Amino acid sequence: HVDVVGRGPGLGTALYGALVLRELLGLRGGWMPAGHFRHGPLLDVAQGHKLIVIAGGRTAALGARLAADAAGRGGRAVLVTDRAPDAVPGVLTVSIPVKDELLFALLAALPFELYMAEAARTVGTAYLRVQTTSE
């Protein structure tokens, strides 16, 4: 199970990321606004919980803090951000350094795309078919 959360322009990216993980790769998970996660499911985070936080622009610091808080409760987090936050045990940071929040939200989808392509290459195309021609 993987939760994907975002705030502001990153909320749409979180929805897309959860869709990729669930529909194309068959991983269980869901998405929600980061604020909703903080004031609800964060209380249930424990050892083994996985969280992906999309945090860019004006609200990047809030997302980084959420990822750190989840890791502090025993979970593991991937933080996709446009900043270079401090290293936090249990948080893997993917930094996409762009100034424009909307461009960040678009580019933040790339880790999901790369994960999907690598999963397809690793297990074959049993669950997903990557189209390579324009028929």
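This passage describes a helix pair, a buried acidic residue and an exposed loop proline in a predicted model.

Two packed helices are described by the angle between their axes and the distance between the axes. For helix α1 (residues 10-24) and helix α5 (residues 110-123), the axes come within 9 Å and cross at roughly 10°. Because angles under 35 degrees count as roughly parallel, α1 is classed as roughly parallel to α5. On the α1 side, the contact is formed by Thr13, Tyr16, Gly17, Val20, Leu21 and Leu24. Helix α5 contributes Phe112, Glu113, Tyr115 and Met116. Sorted by class, the residues in this contact comprise seven nonpolar, two polar and one charged.

Asp3 is located in strand β1, which spans residues 2-6. The residue is buried but takes part in no salt bridge. The nearest side chain of opposite charge is that of Arg22, at a distance of 8.6 Å, whereas a salt bridge requires a side-chain nitrogen of Lys or Arg within 4 Å of a carboxyl oxygen of Asp or Glu. When residues up to four places away in sequence are not counted, Asp3 touches Gly30, Phe37, His49, Lys50, Leu51 and Ile52.

Pro97 occupies the loop that runs between strand β5 (91-95) and helix α4 (101-107). Its relative accessibility is 68%, so Pro97 counts as exposed. Leu107 lies ten residues from Pro97 along the chain, and the C-alpha atoms of the two residues are 9.8 Å apart.

Key. Residues numbered from 1 in each chain as written. Predicted model: local features only at pLDDT ≥ 70, side-chain atom pairs only at ≥ 80, totals over all residues. Heavy atoms only, no water. Axes fitted to C-alpha atoms, helices over the stretch in contact; angles between N-to-C directions. Helix = DSSP H or I, 4+ residues; strand = E, 2+ residues; numbered from the N terminus. Parallel < 35°, antiparallel > 145°, perpendicular 65-115°, else oblique. Contact = heavy atoms within 4.5 Å. Nonpolar A, V, L, I, M, F, W, Y, C, P; charged D, E, K, R; others polar. Buried < 20%, exposed > 50% of the residue type's maximum accessible area, 1.4 Å probe, protein only. Lys, Arg positive; Asp, Glu negative; His and termini not counted.
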